[in-house]
Amino acid sequence: MCLAIPVQVKEVLPDNMAKVTLDGVSKIISTALVEDVKPGDYVLLHVGYALAKIDPEGAERTLALIREAASGDAA
């Protein structure tokens, strides 16, 4: 099973790279597969690559569900 998680782009870097964050953790990722990435965008991250841009509301809903599952509060 593969899992892609939403992360927010904090900074666009040279050579199709970007700095992203998730719950305070920063990571440098490749944005070569996604066009027109800007700071503030949410992207789906899988093994170091942004796969697609997603809307902020969908990203926040997904992150909330992941946090809920991780805390053991999921039904």
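Let's start with a term we'll lean on a lot: a residue is buried when its relative accessible area is under 20%, exposed when that value is over 50%, and partly exposed in between, using a 1.4 Å probe and protein chains only. Take Val-47 as a trial case: with a relative accessible area of 68%, Val-47 is exposed. What you're looking at is a predicted model, where local features need pLDDT of at least 70, side-chain atom pairs count only at pLDDT 80 or more, and totals for chains, interfaces and linings use all residues. Residues are numbered from 1 along each chain as its sequence is written, and side-chain values use heavy atoms, with hydrogens and water left out.

Now for the overall picture. The protein chain has one helix and five strands, with helices (H or I, at least four residues) and strands (E, at least two) taken as DSSP runs and numbered from the N terminus. Going along the sequence, you meet them in the pattern β-β-β-β-β-α. The radius of gyration, taken over C-alpha atoms, is 12 Å, close to the 11 Å that the globule rule gives for 75 residues, so the chain is as compact as a globular protein of that length. That rule is 2.2 Å times the number of residues to the power 0.38. Along the principal axes, the C-alpha atoms fill a box of roughly 40 × 25 × 20 Å.

How about the surface? The chain exposes about 5000 Å², and carbon and sulfur atoms supply 57% of that; accessible areas come from the Shrake-Rupley method with a 1.4 Å probe, and for residues only the protein chains shown count as cover. Of the 75 residues, 27% count as buried. As for contacts (heavy atoms within 4.5 Å), residues 24 or more positions apart account for 32% of those with a separation of 6 or more.

Next, see how the strands sit together. Two strands pair if DSSP finds at least two bridges between them. Strands β1 and β2 pair in the antiparallel sense over five bridges, and here Gln-8 stands opposite Thr-21 in β2. Strand β1 also pairs with β4, again in the antiparallel sense, over four bridges. On that side, Ile-5 stands opposite Leu-45 in β4.

Step inside and you find the largest nonpolar core, which has 10 residues: Val-7, Val-9, Ala-18, Val-20, Ile-29, Val-34, Val-37, Val-43, Leu-45 and Ala-50. Such a core is a set of buried Ala, Val, Leu, Ile, Met, Phe, Trp, Tyr and Cys residues joined through side-chain atoms within 4.5 Å. The elements that give two or more residues to this core are β1 (5-13), β2 (17-22) and β4 (42-46). One member to follow is Ile-29: leaving out residues up to four places away in sequence, Ile-29 touches Asn-16, Met-17, Ala-18, Val-20, Val-43, Leu-45, Gly-48 and Ala-50.

Two residues in the loop between β3 and β4 deserve a stop. Thr-31 is found there and, at 6% relative accessibility, counts as buried. Beyond residues up to four places away in sequence, Thr-31 touches Asn-16, Met-17, Ala-18, Val-37 and Ala-50. Asp-41 has its place in that loop too, and with a relative accessible area of 16% Asp-41 is buried. A polar atom of the Asp-41 side chain lies 2.8 Å from the backbone nitrogen of Lys-38. Setting aside neighbours within four places in sequence, Asp-41 is in contact with Val-7, Gln-8, Val-9, Asp-36 and Lys-53.

His-46, in strand β4, has 23% relative accessibility and so counts as partly exposed. Not counting residues up to four places away in sequence, His-46 touches Cys-2, Leu-3, Ala-4 and Leu-51.

Finally, a word on the backbone. Most residues other than glycine have a negative phi, and most peptide bonds are trans. Which residues here take a positive phi? Among them is Asp-15, with a phi near 60°, in the hairpin of β1 and β2, which has three residues between the strands. Asp-23, in the loop between β2 and β3, has a phi near 50° and is exposed, with a relative accessible area of 56%. The C-alpha atoms of Asp-23 and His-46, 23 residues apart along the chain, are separated by 16 Å. And Val-47, our trial case, sits in the loop between β4 and β5 (49-54), with a positive phi of about 40° although it is not a glycine.

How values were computed: A polar contact is a pair of N or O atoms within 3.5 Å; within protein, one must be able to donate a hydrogen and the other to accept it, and residues adjacent in sequence count only if both atoms are side-chain atoms.
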